[in-house]
Amino acid sequence: MTLSHPDSSARAPRPSASVELRSIAIEQFASAGFAGTSLQQIADLAGYSKSSVLYHFASKEALLEAALGPALDRLEQILPGVGGLSSSPQARARFIEDFIDFLLEYRLEVHTFINQGQSLRGIPVIDRGNAIIGALAASLTTGFSSTQQKIRFGVALGGAAYALVGGMNFAGDDLLPPEEVRPALIATVSELLAPAAPTDV
């Protein structure tokens with residue numbers, strides 16, 4: 001007869017090594033910076049050897065790719081919705097919700113990209129992100145006729161991203177819960193992106 005620890009059934013299984021390493025890596029890249037984070041630090045925090053990290057990810061750049069890739073995939077999926085900002089109130093509301101949900105789900109990734117996107121140019125995943133931002137800007141240029149509309153768009157979406165990630169406390173104690181942040185951000189961005197009088201400045 002095999003005896004088991006009384007609490008063994010209540011313990012959550014440890015996530016796979018690659019998932020755990022990605023999670024710890026993005027926390028470190030966001031808080032300490034990509035340049036300030038070593039593979040050894042990530043290994044130590046995850047409780048693995050450095051060789052185990054290298055078994056899953058060939059380099060620190062490959063780990064950055066794995067950490068940021070899903071966020072960029074999601075941003076590419078919602079990018080076509082930019083056209084809805086000027087088409088109908090329903091399409092605008094749908095895009096705003098998608099964008100806010102993206103920011104909430106990937107706040108560490110967005111934080112990393114906002115703060116380090118320019119200094120890490122030349123790394124493929126960063127260049128990919130810069131290209132997506134360029135596509136967003138191009139959609140803005142073609143989708144809106146007035147300078148005022150373009151500025152409102154940039155302030156609303158850029159401001160939402162900065163408000164969410166700019167003052168992050170990585171201990172988590174001071175972060176407002178998503179159920180409070182989401183409706184507040186949606187209401188604020190919706191107000192900023194409500195159709196304005198067609199004055200061009």
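# A helical chain and its largest pocket

The largest pocket of this predicted model has a lining of 25 residues, and those nearest its centre are Leu 75, Ile 114, Ile 133, Leu 136 and Ala 161. Its volume is about 520 Å³. Five helices each supply at least two residues of the lining: α4 (60-78), α5 (89-105), α6 (107-116), α7 (124-143) and α8 (147-165). By residue class, the lining of the largest pocket holds 18 nonpolar residues, six polar ones and one charged residue.

The chain around this pocket can be described next. What kinds of elements does the chain have, helices or strands? The chain contains nine helices and zero strands. Read along the sequence, the pattern is therefore α-α-α-α-α-α-α-α-α, with helices counted as DSSP runs of at least four residues. The chain has 201 residues, and 37% of them count as buried. Contacts between residues at least 6 apart in sequence can be sorted by their separation along the chain: 72% of them join residues at least 24 apart.

The buried residues lead to the core. In soluble globular proteins, nonpolar side chains tend to be buried together. In this model, the largest nonpolar core has 52 residues. Leu 64, Phe 99, Ile 100, Phe 102, Leu 103, Ile 126 and Val 189 are the residues with the most contacts inside this core. The elements that give two or more residues to the core are α1 (17-32), α2 (39-46), α4, α5, α6, α7, α8 and α9 (178-192). Which element gives the most to this core? The answer is α4, with eight residues.

Ile 126 is one of the core residues with the most contacts inside it. Leaving out residues up to four places away in sequence, Ile 126 touches Leu 64, Leu 68, Phe 113, Gly 117, Leu 120 and Arg 121. Asn 130 is found in helix α7. Is Asn 130 buried or exposed? The relative accessible area of Asn 130 is 18%, so Asn 130 counts as buried, the cut-off being under 20%. Apart from neighbours within four places in sequence, Asn 130 is in contact with Phe 113, Gly 117, Gln 118 and Arg 121. Phe 113, Gly 117 and Arg 121 thus appear among the contacts of Ile 126 and among those of Asn 130.

Aromatic rings are the next topic. A search of the whole structure finds four aromatic pairs. One of them is formed by Phe 95 and Phe 99, which are stacked, with 6.1 Å from centre to centre and 20° between the planes. Phe 95 and Phe 99 both lie in helix α5, four residues apart, about one turn of the helix. Phe 95 and Phe 99 are both buried. Why is the pair of Phe 99 and Phe 102 tilted? The ring centres of Phe 99 and Phe 102 are 6.2 Å apart and their planes are at 40°, so the pair counts as tilted; planes under 30 degrees apart would count as stacked, and those over 60 as edge-to-face. Phe 99 and Phe 102 also both lie in helix α5, three residues apart, about one turn of the helix. Phe 99 is buried, and Phe 102 is buried too. Ring pairs join Phe 95, Phe 99, Phe 102 and Tyr 106 into a cluster.

Tyr 106, a member of this cluster, has its place in the loop between α5 and α6. Tyr 106 counts as buried because its relative accessibility is 12%. Not counting residues up to four places away in sequence, Tyr 106 touches Pro 70, Ala 71 and Arg 74. Tyr 106 and Leu 75 are 31 residues apart in sequence, and their C-alpha atoms are 9.9 Å apart in space. Leu 75 is one of the residues nearest the centre of the largest pocket.

Glu 105 has its place in helix α5. Glu 105 has a relative accessible area of 55%, so Glu 105 counts as exposed. The C-alpha atoms of Glu 105 and Ala 71 are separated by 8.5 Å, and the two residues are 34 apart along the chain.

The last residue described here is Ala 187, in helix α9. Ala 187 counts as partly exposed because its relative accessibility is 44%. Ala 187 and Glu 97 are 90 residues apart in sequence and 9.7 Å apart in space, C-alpha to C-alpha.

Terms used:
Residues are numbered from 1 along each chain as its sequence is written. This is a predicted model: local features need pLDDT of at least 70, side-chain atom pairs count only at pLDDT 80 or more; totals for chains, interfaces and linings use all residues. Side-chain values use heavy atoms; hydrogens and water are left out. On a 1 Å grid over the protein atoms alone, a cavity is a set of points where a 1.4 Å probe fits but cannot get out, and a pocket is an open set with protein on both sides within 12 Å along at least five of seven lines; lining residues have an atom within 4 Å of a point. Grid points are joined across faces, edges and corners, and a volume is the space filled by probe spheres set on the points. Ala, Val, Leu, Ile, Met, Phe, Trp, Tyr, Cys and Pro count as nonpolar, Asp, Glu, Lys and Arg as charged, and the others, Gly among them, as polar. A nonpolar core is a set of buried Ala, Val, Leu, Ile, Met, Phe, Trp, Tyr and Cys residues joined through side-chain atoms within 4.5 Å. Buried means under 20% relative accessible area, exposed over 50%, partly exposed in between (1.4 Å probe, protein chains only). Contact means heavy atoms within 4.5 Å. Rings of Phe, Tyr and Trp (its six-membered ring) pair if their centres lie within 6.5 Å; planes under 30 degrees apart count as stacked, over 60 as edge-to-face and the rest as tilted.
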